[in-house]
Amino acid sequence: MKNHFSTLTALLLAIAVTSSCDDNNDIVPAPEYGWGVAMAGNDPNERTWPDLSENYWEYTFNLSKHAEGSVGLRFTGQFPNVDTRFFNITLYSDRTTERFGSMEDFNIIPESGSQNPFLNDGVTGSNYFAVNAIPSTADASKYKNAIVFPANTERITMLLRIYFNSIEHGSDFGGVDLPKITYFDVNTGEDIGEAPRGKSLYYTRFLGIMSRVPLIKSQPKLYFTLAPNVLYQNGPTGYVTTANRMHKDSTLMFRFIPPVHPNSVAENATADVRYWSICIGDTTTYTLTTLVDRTVLKDEKGYVNVMIADPQNTHFSIIKNKAAEMKINLVEWNVEKHGEPMMAFYRQMYIRKDFEYSVQKIATFPRLDDLGHPDPTDTTPGPEQLANIVLGEHGPFGYKKHISFFLNDNFKLEDIRPKD
């Protein structure tokens with residue numbers, strides 16, 4: 001296999017360096033209190049390759065202004081109730097992006113008199129919760145729904161994420177107000193007041209991604225690799241990526257067996273994953289499309305087949321009809337509009353711990369060095385770093401081909417996936 005130094009690898013190297021930035025690079029975005037502005041995945045102005053079905057919000061708190069281990073944070077609000085698939089709150093170090101912990105929707109114990117709609121079918125009305133962020137020196141057992149963070153943390157970043165059942169959604173929190181954020185004395189449990197926002201490296205990092213997308217090379221095969229956890233990984237989640245170049249007369253295609261996702265609240269706890277998707281984006285870090293698990297096409301053998309083609313191709317009407325007949329998920333990529341470089345992401349969200357085909361079983365590419373930074377010398381993935389080897393048919397794998405490969409009368413779905 002040719003040198004496979006990935007686009008995401010180069011970005012991760014830049015992000016690792018950003019983690020050591022000084023306060024001059026920190027940003028305090030409006031408003032003064034509470035969550036930042038909504039970052040809606042389906043907003044055409046949103047960047048850094050978001051999943052189109054998600055919304056998320058950032059909040060950073062400066063713990064260094066208080067005695068070490070003396071204060072905690074409390075998030076009180078109403079369970080979302082409009083077309084919501086999944087939500088959680090995750091805590092990170094603002095300096096390093098290390099994930100301290102997360103609280104997922106169906107693990108939240110509701111307030112007295114309320115029910116958790118992510119645990120029980122048919123729950124209606126208003127239902128409330130409180131999640132507590134507690135320093136490691138405090139007794140977390142005294143608090144319901146506790147997420148623990150190291151007491152010596154200077155600044156802590158929280159991300160609130162919500163996923164919907166489709167990419168057609170608003171920029172709100174599932175039809176309810178965002179959780180209120182207060183801080184409190186962990187020794188007495190008494191509220192101190194509404195928690196002010198602090199400086200954060202979050203926005204600096206993502207602005208850095210948009211300015212550092214390197215050259216993407218054309219490759220004959222689409223290998224998917226797992227990125228290291230150095231950029232706000234969302235709880236028990238993972239995603240594999242590939243990059244290539246599109247041309248008007250070429251096609252990019254890949255194929256895999258997807259995990260089982262829940263079709264009802266009752267299946268949330270037993271499904272392989274809570275959610276999975278395929279996102280296709282360009283080098284401006286814009287997501288062109290998201291294929292969502294519940295609406296994606298599958299063939300008779302249960303495979304998901306994805307094909308990317310240029311609608312300006314002179315044979316596109318034939319391509320579109322043949323793809324529909326074969327239940328191929330066709331993504332239209334206008335090379336003139338979006339450019340040649342393309343990135344694809346396969347995401348598994350909240351993976352069941354014993355799921356045999358979890359993407360987290362793949363060794364990261366690149367590996368991390370002794371300092372926890374992506375190793376710049378790891379430029380060619382080994383078998384343990386390739387989704388198609390570790391996960392077999394459950395890992396995405398495919399080709400870049402001239403469009404005549406697909407239009408050939410002898411083309412079969414099995415041809416999408418290389419044999420080695």
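Two strands are taken to pair if DSSP finds at least two bridges between them. On this criterion, in the predicted model, 5 strands form an open sheet in the order 1-2-8-4-5, with antiparallel pairing. Strand 1 (39–40) and strand 5 (99–104) are the edge strands of this sheet, each pairing on one side only. Strand 5 is joined to strand 4 (residues 84–93) in the antiparallel sense over 5 bridges, and Leu-91 has Gly-101 in strand 5 as its bridge partner.

A further open sheet consists of 5 strands in the order 7-6-3-9-10, and here the pairing is mixed. Its edges are occupied by strand 7 (146–149) and strand 10 (191–194); each has a single partner strand, so one side of each is left without a neighbour in the sheet. On average, neighbouring strands of this sheet are turned by 25 degrees against each other, direction ignored. At one edge, 3 bridges link strand 10 to strand 9 (residues 180–185) in the antiparallel sense, with Phe-184 opposite Asp-191 in strand 10.

Strand 15 (residues 273–281) is mostly covered, 9 of its 9 residues being buried. It runs antiparallel to strand 19 (residues 341–351), to which 8 bridges join it; Gly-281 stands opposite Met-343 in that strand. Strand 15 is also antiparallel to strand 16 (residues 287–292), through 5 bridges, and Ile-280 faces Thr-289 in strand 16 as its opposite residue. Strands 15 and 16 form a hairpin with 5 residues between them, and Thr-285 in the turn has a positive phi of about 70 degrees.

The loops that flank strand 15 hold two residues with contacts to distant parts of the sequence. Tyr-286, in the loop between strand 15 and strand 16, is partly exposed, with a relative accessible area of 22%. Its C-alpha atom is separated by 7.7 Å from that of Pro-50, 236 residues apart along the chain. With residues up to four places away in sequence not counted, Tyr-286 touches Pro-44, Glu-46, Arg-47, Trp-49, Ile-280, Gly-281 and His-338. His-261 lies in the loop between strand 14 (250–256) and strand 15. Because buried means under 20% relative accessible area, His-261 counts as buried at 9%. The side chain of His-261 makes a polar contact of 3.4 Å with that of Asn-263. Beyond its neighbours within four places in sequence, the contacts of His-261 include Arg-85, Val-273, Trp-276 and Asp-293.

The count of salt bridges comes to 15. One of them joins Asp-94 to Arg-155, with the closest N and O atoms 2.6 Å apart. Asp-94 belongs to the loop between strand 4 and strand 5 and Arg-155 to strand 8 (residues 155–164), so the pair ties together parts that are 61 residues apart in sequence. Both Asp-94 and Arg-155 are buried. The side chains of Arg-274 and Asp-105 also meet in a salt bridge, at 2.8 Å from N to O. Since Arg-274 lies in strand 15 and Asp-105 in the loop between strand 5 and strand 6 (128–135), this pair ties together parts 169 residues apart in sequence. Arg-274 and Asp-105 are buried as well.

A salt bridge of 2.3 Å, N to O, links the side chains of Arg-367 and Glu-384. Both lie in the loop between strand 19 and helix 5 (387–390), 17 residues apart in sequence. Arg-367 is partly exposed, with a relative accessible area of 37%, and Glu-384 counts as partly exposed at 33%. Asp-272, Arg-352 and Asp-354 are joined into one network by salt bridges that share partners.

Methods. Residues numbered from 1 in each chain as written. Predicted model: local features only at pLDDT ≥ 70, side-chain atom pairs only at ≥ 80, totals over all residues. Heavy atoms only, no water. Buried < 20%, exposed > 50% of the residue type's maximum accessible area, 1.4 Å probe, protein only. Helix = DSSP H or I, 4+ residues; strand = E, 2+ residues; numbered from the N terminus. Axes fitted to C-alpha atoms, helices over the stretch in contact; angles between N-to-C directions. Polar contact = N/O pair within 3.5 Å; in protein donor to acceptor, adjacent residues only side chain to side chain. Contact = heavy atoms within 4.5 Å. Salt bridge = Lys/Arg side-chain N within 4 Å of Asp/Glu carboxyl O.
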